[in-house]
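Here's a quick tour of a protein model, from its overall fold down to a metal site and a few charged pairs. Take a look at it first, then read on.

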Amino acid sequence: MLQRFSKMHYRILFALVLMVGLALALPAFAGHGKAKPAKKAILLVTFGTSVPQAAKVFDNIDKMAKVRFPGVEIRWAYTSVIIRKKLARQGQVMDSPALALVKLADEGYTHVAVQSLHMIPGQEFHDLRMTTASLTHGPEGLKKMTLGLPLLTSAGDMDRVAKAVLADLPPERTKDEAVVLMGHGTHHPANAAYPAMAFFFSLADPKVFMGTVEGFPDLETVESQLKASGTKKVWLLPFMSVAGDHAMNDLAGDEDDSWKSILTAKGYTCRPVLKGLAANPVIVDVWLDHLAKALEKL
Ligand code: CO
């Protein structure tokens with residue numbers, strides 16, 4: 001009896017040792033015995049532009065980001081499929097955010113701060129949010145990602161941007177001349193940032209008006225404000241990160257339906273200034289402050 005018992009004990013003991021041994025060995029198989037060291041990167045994400053001259057302002061952001069965050073790898077991605085396809089036909093390949101992130105993971109990066117260089121938290125930003133969320137928690141690669149907010153996300157941002165735009169107006173513009181800014185506008189609820197921006201501009205300068213191509217306020221609204229202002233001289237400026245297609249055609253183009261043509265036909269003297277907001281270092285700083293917050297959380 002005693003002998004049988006102890007034989008059984010040995011068997012149980014042997015089984016236990018085997019199980020403990022396997023349990024200890026498993027994590028070593030999974031991670032080759034060592035935890036991956038953290039490797040950080042920044043991904044700057046913009047809608048993109050197919051206008052090479054306009055794309056030059058992205059170099060400005062790139063340079064400023066490199067100065068502010070030295071030693072951190074910086075990559076770029078464009079969210080617009082149309083722009084990427086157009087550029088690819090011209091031989092310039094730009095990554096989508098998903099592809100740029102997968103490449104980083106493949107190169108051993110573990111922590112990425114993704115910065116949205118969009119104007120408002122609209123559709124493009126929310127898509128980017130979903131992309132980053134879906135690429136975290138994989139079996140390999142990226143361990144953590146944080147997302148920096150677009151340009152206009154708080155009253156503080158809007159105040160800074162309004163002041164930066166006004167400080168950068170052409171010196172020839174006199175206070176009795178109107179300024180019309182063209183934002184993009186969207187069907188997305190985040191369009192509310194545009195009338196909010198218009199309010200900040202009106203507080204700082206009663207002759208500066210904000211309109212949008214695809215949202216509210218529209219050109220009709222701007223026209224009624226121009227009429228009430230009593231001025232016949234109008235400066236036209238894009239309120240977009242780059243002075244691309246919308247600025248060159250919808251704002252300042254010679255076609256009948258451009259804002260310049262419509263306002264000129266109504267008796268206004270228009271002077272377009274084609275300069276993207278990303279050319280203004282004070283505005284780039286607002287984006288980079290959001291990126292700094294994303295890096296802190298990484
Ligand atoms: Co557009």
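Among contacts in the protein chain with a separation of 6 or more, 77% are between residues 24 or more positions apart, a contact being heavy atoms within 4.5 Å. Keep in mind that this is a predicted model, where local features need pLDDT of at least 70, side-chain atom pairs count only at pLDDT 80 or more, and totals for chains, interfaces and linings use all residues. Residues are numbered from 1 along each chain as its sequence is written, and side-chain values use heavy atoms, with hydrogens and water left out.

The protein chain has 11 helices and 8 strands; these are DSSP runs numbered from the N terminus, with helices being H or I of at least four residues and strands E of at least two. Of its 298 residues, 46% count as buried. Here buried means under 20% relative accessible area, exposed means over 50%, and partly exposed is in between (1.4 Å probe, protein chains only).

Helix 5 (residues 123-134) makes a nice close-up. Phe125, Leu128 and Thr132 are buried in this helix. They cover an arc of only 55 degrees around the axis, so they sit on the same side of helix 5; the arc is taken from the directions from the helix axis to the C-beta atoms. The cover over the buried residues of helix 5 includes strand 1 (40-46), helix 4 (97-106), strand 3 (111-116) and strand 4 (144-148). On the face turned away from the buried side you'll find the exposed residues Met130 and Ser134.

Next, the metal. The cobalt ion has His184 (NE2) and His246 (NE2) as its protein donors, 2.0 to 2.1 Å away. Donors are N, O and S atoms within 2.8 Å of the metal (3.2 Å for Na, K and Ca), and since water is not among the atoms, sites may look incomplete. Histidine 184 is partly exposed at 26% relative accessibility, and histidine 246 is partly exposed at 21%.

Finally, the charges. The whole structure holds 14 salt bridges, each a side-chain nitrogen of Lys or Arg within 4 Å of a carboxyl oxygen of Asp or Glu. Three of them are listed here.

| Acid | Base | N to O distance |
|---|---|---|
| Aspartate 95 | Lysine 103 | 3.0 Å |
| Aspartate 159 | Lysine 163 | 3.0 Å |
| Aspartate 168 | Lysine 275 | 2.8 Å |

Aspartate 95 is buried at 14% relative accessibility, while lysine 103 is partly exposed at 36%. Lysine 163 and aspartate 159 are 4 residues apart in helix 6 (residues 155-167), so about one helical turn separates them.
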